[in-house]
Structure formats: C-alpha cells, structure tokens
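Student: Before we discuss the fold, could you show me the protein, and then explain how the terms are applied?

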Amino acid sequence: MSTSGSPPAVGRLGTGHILFLIVAAAAPLSAMVGTVPLAFAFGDGAGVPAAFLFAGVTLLCFSVGYAVSARRTGGSGGFYASVADGLGRPPAVAAGYVALLSYNCATVGLAGALGYFTQLVLAAHGLTVSWEWCAAVGLVLTAVLGYREIALSARVLALLMLGEIGVLAALDVAILVRHGLHALPTQSFSPHTAAGHGAGVSLMFAFVSFIGFESAALYGKEARDPKRSVPRATYAAVVLIAGFYALTSWLAVGAIGGDRVREVAGKQMGDLFFVLGDDFLGTVGSTGLQILLCTSLFAATLALHSAANRYAQVLGEDGLLPAGLAAEHPRYRSPHRASLAQSALTAVVLAGFALAGLDPYADLTTSMLGLGTLGIVALQALAALSVLGLRLRGAGGKGHWWREVAAPLLGFLGLAASVWLVVGNFDMLTGSPSKVIAELPWLLPLVALGGLAYAARLRTADSARYRQLGARHTATAVPEPRTAPALSGDRHA
C-alpha cells in the first residue's frame, strides 16, 4: 500500500500502454536501418520480406502458447514465471539468471548504439559531441524515467514510437506513389527467392528483429487487467511488428529492384534507408530519419531497461538476488532500486569501454546486443517448451490442442532453429572477427548451469525457501520431475 497521499501506480497500464512498451523494445526504425540491409546483403536479398512474414507467423504461434502461461501467472514474472509454471523450479532459476544477463546486455548494447549514432547525426549537422556524452545524456534520461512510474515511460514511448513509425510509413507511401504496384514485386514471395541461397541468414536477422516483444509478461502487476491485456498486447505486437517489417522491407526491394537489392545493400549497408529517405522524402525526410533513429534507440534502451529491472525485482523477491532490489517505490510503485542498480551497471560498462578506448559500436554494441539477443531467443524457445510441459503434466485443465500443443510446438521448433542459426552465424550478427566475442555465447549455458546448481543447493540447504521459488507467480503447484522424489509439502503456495 502506498505510504504517500498519491494514488498508487498499480493498475494504470492498459493494453495500449503495454503495446508501446514492447514495440519500443523491438525498435522498428533501428531494425530497418541496422538489420534489414544486412539481411539483404548476406541473406537471400529480395526474399527478406518473406523471412519477416515467416518469423511473424512463428512468433504468433509462440504467443498463443505464451498467452496460456500469462493467464496462469497473472501476466507477471516473464520467462522466470513461465518456466517455473511449466518446467519446475531449477529450470526457472536458470531462466531467471539468463534473462537478467540477456536483458542487461541488450540494454548496455543499445545505450552504446545510442551514443554512437547520436554522435554521428550531430556531426553530420556540424556539432561535435563525443559518444560518451551522448550516451551519458541518454542514460540519465533512462534512469529518471525508469525510477518513475511505468505509465510515464509508456506515454513517452508512445510519442517516440508514433514518430519513428510515422516516418517509415511516409517513406512507404512515397515509394508506392512513385512506383505503384511495381513497388510490391511478387518475386519476394516466390519459393525460388524466399527459400534461396542465404535464406537461413535472412531468417536469423528476421527473428532477432523482434527482440523484446515477449516482455509484456513483466508488467502484469502494473496492468489494469493483466490476464487480458498482456496476451492482447503480445498478439498485437507480433502482428504490428511483422506486418510493418515485411511491408517496409518489401517496398525497399521494389524501390531498389529485386535483382539489385543484394548488391546495393552490400555497398550502402547502414546508409541504405537514409539514401532511400533522401530520394523519396527529400533532405528534410532524410534528416528526420536520422533524428528519429536516435529517438528509436533511446526508446529501445528505455524499454529494455524497464524489462531488465523487473527481472531483478522478481529475482530479488524470491531471494535469488539481494532483497533490496525487490523494493517498490512507495509513491510510483516502480522497482526503483532495481532501476538504479541497472543504470549504475550500464554506466560502469560504458565507462569501462570508454576508458579502454574501444569503439562504442564495433566493440560494445555488437558484442553486448548480440549476446543479449541470443539469450532472449533461447528463452523464448524455453518458454514455448514450458507450455508443452504444462500439457504433459495436465496442469492446464482440459485445454485445447492448438493453444497447448500445436502452437507452442511450432513456436518452439521455429525458435530452436533461430537459436541454431544465431549461434552458427554469431560472428556475422556481431560483425566482429574477435575470437573473444565469438566465444561469448558460452556465457549463456554457464549462467544457466550456475542457476541449476544454485537451485539444487537451495533444495538441500533451505527447502522452505526453495519451495517458494516462483510461488507468487504460478497458479498451481509445480511438481518436481518424476525421476526425483518431491520433498514433503513441496508445493507452490
């Protein structure tokens, strides 16, 4: 209960608020500018729109199963709660720690990208500001908003999202007006092109462009009607992101030419959409794209910061992190201590890279964002598997074959394939030839094994505390695997 005279922030988020929070994490403009040219150049060229559509359908299947979990967990706790409900406590502890690492890495990587691209945009307009100061300003704004109630962040993100989606929509319309139906070449969806050479790489970039859409299940405590708004926001986010990515990349193919898009993207890379903006929207439109790229990166940083500190709060509540991180602000009902800790961590990492004289993009952003992306995709696959675990245990009641078997299975298969593609092409995803960066994916299984070992130690050393892991989020007891006898009274409260 709030100790101040102000009304609590709990229950202020509606479906629209949550939708903006999770679409902002996916950063549509940043994905178009940074990811799509790579998919064009190293993937199957004109077939990239089909890859986005396939990824969207796969993640929609995942969302159907994830909605089952969200309704049982009250739409809170994210991957930690979902895995606890479907697969048990030890995998949940592993998932919680991997989620904490992944979201923090992604946040740090985006903060570095924000500093880097803001510096470039300012320099293009005659202003010389170091990337360190650009990142510092973004980090301070993120810290202030992260400390406050989540509804304030949602309103800020809504404004920023309307800007970046609006400028991309204007580019889409301009291409259609100039080229008509020729701007939508059927070549992009022909089996020969869509499944041609490089299709696996295109799929990898397509899946990683959706990162953060699943974070709706972290805001259940702050939603007005979490069992309805969390699934609805997740569905809407997948449809919106997939449709937008597929349409915009398809129009880009039409504007450039299906037979030339791979070659042109290979030469222009990150400048591809700025060149298109200059051509179809003029200098003003191109400048708008540059500015809105910076705001898109800020929005994504804020959204993933909010997700990361809520994982810290959840793990703090269950004693898997210091209990102080679980504290809620008496007025804002935000995880303010977890937010401050996350901001401090980001500042330390950024300062370390700056003092070492490393490149903010080639060294910081690519490595941290690459590792975070891989971890989140792996957790999505595990969450899909947890819904199948519910079905095997009969915990979902009568259920439905599509929601509890077919959809999560299809989602799991697609996401597992994505994990395999990302691991196999990690050097391409990060763009770094460094052997150290190439070994970063090993951190994820090491952290997961550490979580499993800690859960096993808790089960022996502190069974009462062990039984409470995930209990505040799960609807029913989570039985132990049949190969190990359950402790007496080992149930979720």
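Tutor: A nonpolar core is a set of buried Ala, Val, Leu, Ile, Met, Phe, Trp, Tyr and Cys residues joined through side-chain atoms within 4.5 Å, where buried means under 20% relative accessible area, exposed over 50%, and partly exposed in between (1.4 Å probe, protein chains only). This is a predicted model, in which local features need pLDDT of at least 70 and side-chain atom pairs count only at pLDDT 80 or more, while totals for chains, interfaces and linings use all residues. Residues are numbered from 1 along each chain as its sequence is written, and side-chain values use heavy atoms, with hydrogens and water left out.

Student: Which residues have the most contacts inside the largest nonpolar core?

Tutor: They are F40, Y103, F210 and F273, in a core of 143 residues. Its largest share, 21 residues, comes from helix α13 (residues 272-317), a helix being a DSSP run of H or I with at least four residues, numbered from the N terminus.

Student: Why does L410 count as partly exposed?

Tutor: Its relative accessibility is 44%, and because partly exposed lies between the 20% and 50% limits, L410 receives that label. L410 lies in helix α16 (residues 401-424).

Student: What makes the protein as compact as a globular protein of its length?

Tutor: The radius of gyration, taken over C-alpha atoms, is set against the globule rule, 2.2 Å times the number of residues to the power 0.38. The protein has 22 Å, close to the 23 Å that the rule gives for 493 residues, and therefore it is as compact as a globular protein of that length. It contains 20 helices and zero strands.

Notes
Helix = DSSP H or I, 4+ residues; strand = E, 2+ residues; numbered from the N terminus.
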